[in-house]
Amino acid sequence: MGPDRISYLMFGNMPDVALLVWLRLFNLVWKVGVVPAARKEAHVVPVLKPGKDKSAPSSYRPISLTSQVGKRMECMVKGRLEHLLKGRGVLNRFQSGFRKGRSTLDNLARLHHDVTAAKNRGRYVLAIFLDLQAAFDLTWHFGVLKKLRDCGITRNCFHYLRAFLENRKIIVRVDGELSDALILERSTPHGSVISPVIFSLIINDLPEVAKASGMVISQFADDSGTWRTGSNLVDLAKRA
């Protein structure tokens, strides 16, 4: 459970009249574009990674526990946001992460095709693979909002997402004790179904950058592979 101490089990056992009250609250939040502060607070529980040194902060994986009520509405907003982005053809076709019917196999198939084709012609393929470290944690809020505007996401959806990102707090919880609250000036919320969609939007322009340099790119979330085909391996390495 998150800070509000409301669990999924509670929602599953609520009578219809109570669920209707929650739905009205969700519609009100959507209409006015103000997300209650309690829905933007996360209790972060550090979990020790297997075989790691207990005394090193980097040995712990932070698990964010957020409002289950907030998550319910986020699922609805995610569906709406994806519908708008799909209708506008915003997300590039090279991104396989967080998309229905897509997987890492898309990326592997594309690379395999290009390598096989190059080999049959006696050519080389030079590939570089990128894994963005702490990608979600470094997402810039202003950049997200600008991207949304540029994509034509306005009105209720834009105002909700702006309120969703602004003034989020994290509090570390260890053995029942709570730290002081910290306001997050960047990052997409951990554990939110909206965060992957937002992140996909942030790195949506990478294929254009690769294309401008004559490279091919394939993406899965924050992992990217980019490659170039040529007859001279040394020349390929110099231009990489």
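**Exercise 1. Which side chain joins that of Ser192 in a polar contact of 2.8 Å?**

Task: find the partner of Ser192, then describe the surroundings of Ser192 in this predicted model.

Solution.
- Step 1. Start with the position: Ser192 sits in the loop between strand E6 (182–184) and H7.
- Step 2. Look for the partner. The side chain of Ser192 is joined to that of Glu74 by a polar contact of 2.8 Å.
- Step 3. List the neighbours. Leaving out residues up to four places away in sequence, Ser192 touches Glu74 and Phe164.
- Step 4. Check the exposure. Ser192 has 8% relative accessibility, and buried means under 20%, so Ser192 counts as buried.

**Exercise 2. How many salt bridges does the structure hold?**

Task: give the total, then work through three of the pairs.

Solution.
- Step 1. The total is five salt bridges.
- Step 2. Take Arg39 and Asp4 as one of the pairs: their closest N and O atoms are 3.8 Å apart. Arg39 belongs to the loop between helix H2 (16–32) and strand E1 (41–48), while Asp4 belongs to the segment before helix H1 (8–13), so this pair ties together parts that are 35 residues apart in sequence. With 17% relative accessibility, Arg39 is buried.
- Step 3. Now try Lys78 and Glu82, whose side chains form a salt bridge with an N to O distance of 3.2 Å. Both residues belong to helix H3 (residues 68–87) and are four residues apart, which is about one turn of the helix. Lys78 is partly exposed at 25% relative accessible area, and Glu82 is partly exposed at 28%.
- Step 4. Turn to Asp106 and Arg102, whose side chains meet in a salt bridge at 2.9 Å, N to O. Asp106 is partly exposed at 29% relative accessibility. Arg102 is likewise partly exposed, at 29%.

**Exercise 3. Is Asn107 buried or exposed?**

Task: settle the question, then trace what Asn107 reaches.

Solution.
- Step 1. Locate the residue: Asn107 is part of helix H4 (residues 104–120).
- Step 2. Read its exposure. The relative accessible area of Asn107 is 13%, and the cut-off for buried is under 20%, so Asn107 is buried.
- Step 3. Follow the side chain, which reaches the backbone oxygen of Gln219 at 2.9 Å.
- Step 4. Add the other contacts. Setting aside neighbours within four places in sequence, Asn107 is in contact with Ser96, Ser218, Gln219 and Phe220.

**Exercise 4. Which element gives the most to the largest nonpolar core?**

Task: build up a picture of the core, one layer at a time.

Solution.
- Step 1. Begin with the members. The largest nonpolar core has 29 residues, and those touching the most other members are Leu81, Leu85, Leu148, Ile153, Tyr160, Leu161 and Ile194.
- Step 2. Assign the elements. Two or more residues come from each of H2, H3, helix H5 (141–150), helix H6 (155–165) and helix H7 (194–202).
- Step 3. Pick the main contributor: H6 gives the most, with seven residues.
- Step 4. Zoom in on one member. Not counting residues up to four places away in sequence, Ile153 touches Leu81, Leu84, Leu85, Arg88, Leu148 and Phe158.
- Step 5. Place this in a wider setting: in soluble globular proteins, nonpolar side chains tend to be buried together.

**Exercise 5. Which elements do the buried residues of H5 pack against?**

Task: name the buried residues of H5 and their packing partners, then see what comes just after the helix.

Solution.
- Step 1. His141, Gly143, Val144, Leu145, Lys147 and Leu148 are the buried residues of H5.
- Step 2. These buried residues pack against H3, H6, E6 and H7.
- Step 3. Just after H5 comes Gly152, with a positive phi of about 85°.

**Exercise 6. Which residues form a nonpolar patch on the surface?**

Task: describe the patch, then visit the start of the chain.

Solution.
- Step 1. The patch is made of Leu25, Leu28, Val32 and Val34, which together have about 330 Å² of accessible area. Of these, Val32 can be placed in helix H2.
- Step 2. Move to Met1, in the segment before H1. Met1 is partly exposed, at 39% relative accessibility.
- Step 3. List its neighbours: Met1 touches Ile6, Ser7, Met10, Leu65 and Gln68, when residues up to four places away in sequence are not counted.
- Step 4. Compare sequence with space. Met1 and His43 are 42 residues apart along the chain, and their C-alpha atoms are separated by 9.4 Å.

Note on methods: Residues are numbered from 1 along each chain as its sequence is written. This is a predicted model: local features need pLDDT of at least 70, side-chain atom pairs count only at pLDDT 80 or more; totals for chains, interfaces and linings use all residues. Side-chain values use heavy atoms; hydrogens and water are left out. A salt bridge is a side-chain nitrogen of Lys or Arg within 4 Å of a carboxyl oxygen of Asp or Glu. Buried means under 20% relative accessible area, exposed over 50%, partly exposed in between (1.4 Å probe, protein chains only). A polar contact is a pair of N or O atoms within 3.5 Å; within protein, one must be able to donate a hydrogen and the other to accept it, and residues adjacent in sequence count only if both atoms are side-chain atoms. Contact means heavy atoms within 4.5 Å. A nonpolar core is a set of buried Ala, Val, Leu, Ile, Met, Phe, Trp, Tyr and Cys residues joined through side-chain atoms within 4.5 Å. Patches are made of residues with over 30% relative accessible area and no salt bridge: like charges are joined within 9 Å, nonpolar side chains (Val, Leu, Ile, Met, Phe, Trp, Tyr) within 5 Å. Accessible areas come from the Shrake-Rupley method with a 1.4 Å probe; for residues, only the protein chains shown count as cover.
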